[in-house]
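Trainee: I would like to understand how the words used for a structure are justified. Could we take some of them in turn and set each one against its definition?

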Amino acid sequence: MTKAEIREKIWTKLEHAGAGRFPGVVGRIPNFAGADEAAQQLRELAVWRRALVVKINPDAPQLPIRRLALTEGKILYLAVPHLRSEKCFIEIDPQRLGTRATRATTLAGACRWGRPIAPGEMRPIDLVIAGSVAVGRDGARVGKGGGYGDLEYGLLREEGKVRESTPVVTTVHPLQIVGERLPMLPHDLPVDFLVTPADVIATRPAHPRPRGLYWDLLRPLRVNAIPLLRKRLQRVLRQIQYNLQ
């Protein structure tokens, strides 16, 4: 099955099971019934307890995790939508914001109360939380199709803000865990743990992590639309031209 077919299959299963919550499941990272319970399961993981700095996707099912992070005093990073500025991440430091930190758990609140920051200025990340549409027990993951989560990881990997050993976790409804093999490309981000409302599943890693950006897999329109990618490509091309002189 293609990724698009897998997404449609999962969205349909969740809808038929009545497992979706507002704002729905189709076309997005599904906001699933039990997302709060999954956040509590995640809270018991050692990788969560050790983490002081976390990067979390801004989607609805991971809202309880963002609340937990700020309640526990962790520094939180979210990506600017579509990476549309060179300062393409938002830093939310509960020590700096105080009581206002609780307002920064949504994307709108983060944009208002958080601090825009470039990847090179960020603190090293201890844990990555990724949103998923479908996942496999071998760590394979399919997102909603925009590719931004993978790009964010690639940027942070190139900056040394995430490492090969940085854990990656996703929270999902059990219906999002599939038995068939999911297609994975070099830039696709696998996960180490699948967390459901009732279980924590350590995956059997079968896919390498992206080591950075894969320019040969990026469409020119995507590069031109993201200021930081455009700037980096210009730098790469200048270096190539210099080496050819």
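Mentor: Let us begin with a definition, keeping in mind that this is a predicted model. A residue is called buried under 20% relative accessible area, exposed over 50%, and partly exposed in between.

Trainee: Why is Arg 112 called exposed?

Mentor: The relative accessibility of Arg 112 is 65%, and the word exposed applies over 50%, so Arg 112 counts as exposed. This residue lies in helix α6, which covers residues 107-113, and together with Arg 96, Arg 100 and Arg 103 it forms a positive surface patch.

Trainee: What makes the word "covered" fit helix α4?

Mentor: In helix α4, residues 63-71, 7 of the 9 residues are buried, and the helix is therefore described as mostly covered. Among the buried residues of α4 are Leu 63, Ile 65, Arg 66 and Leu 70. The helix is followed by Gly 73, which has a positive phi near 80 degrees.

Trainee: How do you know that Cys 88 is in no disulfide?

Mentor: A disulfide is a covalent bond between the sulfur atoms of two cysteines, and the rule used here asks for sulfur atoms within 2.5 Å. By this rule the count comes to 0 disulfides. For Cys 88, the nearest cysteine sulfur is that of Cys 111, and it is 12 Å away, which is too far for a bond. The surroundings can be described too: Cys 88 is buried, at a relative accessible area of 0%, whereas Cys 111 is partly exposed, at 41%.

Trainee: Why is the contact between Asp 188 and Lys 3 called a salt bridge?

Mentor: Side chains of opposite charge can pair when their charged atoms come close. The cut-off between a side-chain nitrogen of Lys or Arg and a carboxyl oxygen of Asp or Glu is 4 Å, and for Asp 188 and Lys 3 the distance from N to O is 2.7 Å, so the pair meets the definition of a salt bridge. The two residues link distant parts of the chain, 185 residues apart, with Asp 188 in the loop between β9 and β10 and Lys 3 in helix α1. Asp 188 counts as buried, at 3% relative accessibility, and Lys 3 counts as partly exposed, at 22%.

Trainee: What makes Glu 158 and Arg 232 a pair that ties parts together?

Mentor: Glu 158 forms a salt bridge with Arg 232, and their closest N and O atoms are 3.3 Å apart, a distance that is within 4 Å. Glu 158 lies in helix α7 and Arg 232 in helix α9, so the pair ties together parts that are 74 residues apart in sequence. Glu 158 is partly exposed, with a relative accessible area of 40%, while Arg 232 is buried, with 8%. The structure holds 17 salt bridges, and Glu 91, Asp 93, Arg 115 and Arg 123 are linked in a network of them.

Trainee: What makes the phi of Leu 83 worth a remark?

Mentor: Most residues other than glycine have a negative phi. Leu 83 has a phi near 50 degrees, a positive value in a residue other than glycine. Leu 83 lies in the loop between β2 and β3, and at 1% relative accessibility, under the 20% cut-off, it counts as buried. His 82, found in that loop too, has a positive phi of about 60 degrees.

Methods: Residues are numbered from 1 along each chain as its sequence is written. This is a predicted model: local features need pLDDT of at least 70, side-chain atom pairs count only at pLDDT 80 or more; totals for chains, interfaces and linings use all residues. Side-chain values use heavy atoms; hydrogens and water are left out. Patches are made of residues with over 30% relative accessible area and no salt bridge: like charges are joined within 9 Å, nonpolar side chains (Val, Leu, Ile, Met, Phe, Trp, Tyr) within 5 Å. Accessible areas come from the Shrake-Rupley method with a 1.4 Å probe; for residues, only the protein chains shown count as cover. Lys and Arg count as positive and Asp and Glu as negative; His and the chain ends are not counted. The place of a charge is taken as NZ of Lys, CZ of Arg, CG of Asp or CD of Glu. Helices (H or I, at least four residues) and strands (E, at least two) are DSSP runs, numbered from the N terminus. Buried means under 20% relative accessible area, exposed over 50%, partly exposed in between (1.4 Å probe, protein chains only).
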